[in-house]
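Subject: Structure handover

Hello,

Here is the structure I said I would pass on. My notes follow below it.

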Amino acid sequence: MARERGPIVKRCRYLGIEPSYLGSSKKLGKRKRNMRKLSEYGVQLKEKQKLKFIYGVLERPFRGYYEKADKMQGITGENLLSLLELRLDNVVFRLGLGRTRREARQIVRHNLITVNGKKANIPSIQLKVGDVVAVKENKKNLTRFELVLDSTKSRIVPAWLEADRDNLSGKVAALPQRDQLDFPVNETLIVELYSK
């Protein structure tokens, strides 16, 4: 299974995003860098890399998400963000069951999550409105989840999700809207890049 293993802070500094968008508590240091001015293509490519890095998606699956978003009704960029937000690992992260998206992905891969009462161990599963995500009954008393809930108690759960922290579960109440997403990505540049 391919995955990105590089240093988070270094990549965040290059892409110009705060590590807090990934759930990390690390901070970016102040460094002066003489960067050349990017071309139009370079700016579009950087936006795509930023979105891929935030969600932990590699190029081929990301291209698939774009093609699916392009076929859907509505604005392609918003559809793309909606598809990425509805991934199982991202929903686990948003519900506060994982400190970072990487940890949420690991929780899913380790068979600790159920979707609508059935086990789910594929992080890229697309959820729909009404789907219930929960920690398996026999895994709810793990110390791991006590520590995670303690560190994510201040995290705000988006309005499109309903979280039940006592039962370690949540429900997809609505489709995510663009104004509910909290990170600085210009999705129109990504659409322009792929539509060339």
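Helix H3 (residues 59–71) has 13 residues and spans 19 Å from its first C-alpha to its last, close to the 18 Å expected at 1.5 Å a residue. Please keep in mind that this is a predicted model.

The buried residues of H3 are Phe 62, Tyr 65, Tyr 66 and Ala 69. They lie on the same side of H3, because the arc they cover around the axis is only 100 degrees. An α-helix has 3.6 residues a turn, so residues three or four places apart point the same way. On the face of H3 turned away from the buried side are the exposed residues Arg 60 and Lys 71. The partners that the buried residues of H3 pack against are helix H2 (40–55), helix H4 (76–85) and helix H8 (187–194).

H8 is largely enclosed by the rest of the structure, because 6 of its 8 residues are buried. These are Glu 187, Leu 189, Ile 190, Val 191, Leu 193 and Tyr 194. The buried residues of H8 pack against H2, H3 and H4.

How do the axes of H4 and H8 cross? They come within 8 Å of each other and cross at roughly 105 degrees. Angles of 65 to 115 degrees count as roughly perpendicular, and H4 and H8 are therefore roughly perpendicular to each other. On the H4 side of the contact are Thr 76, Gly 77, Glu 78, Leu 80 and Leu 81, which meet Glu 187, Ile 190 and Val 191 in H8. Those three H8 residues are also listed among the buried ones.

Now the sheet. It is open and has 5 strands in the order E2-E1-E3-E5-E4, with antiparallel pairing. Strand E2 (118–119) and strand E4 (161–164) are the edge strands, each pairing on one side only.

At the E2 edge, strand E1 (residues 113–115) runs antiparallel to E2 and is joined to it by 2 bridges. Thr 114 stands opposite Lys 119 in E2.

At the E4 edge, 4 bridges pair E4 with strand E5 (residues 169–172) in the antiparallel sense. Asp 164 has Ser 169 in E5 as its bridge partner. E4 and E5 form a hairpin with 4 residues between them, and in the turn Leu 168 has a positive phi of about 50 degrees.

Regards

Technical notes:
Residues numbered from 1 in each chain as written. Predicted model: local features only at pLDDT ≥ 70, side-chain atom pairs only at ≥ 80, totals over all residues. Heavy atoms only, no water. Expected span 1.5 Å × (residues − 1). Buried < 20%, exposed > 50% of the residue type's maximum accessible area, 1.4 Å probe, protein only. Arc of directions from axis to C-beta. Contact = heavy atoms within 4.5 Å. Pairing = 2+ DSSP bridges. Axes fitted to C-alpha atoms, helices over the stretch in contact; angles between N-to-C directions. Parallel < 35°, antiparallel > 145°, perpendicular 65-115°, else oblique.
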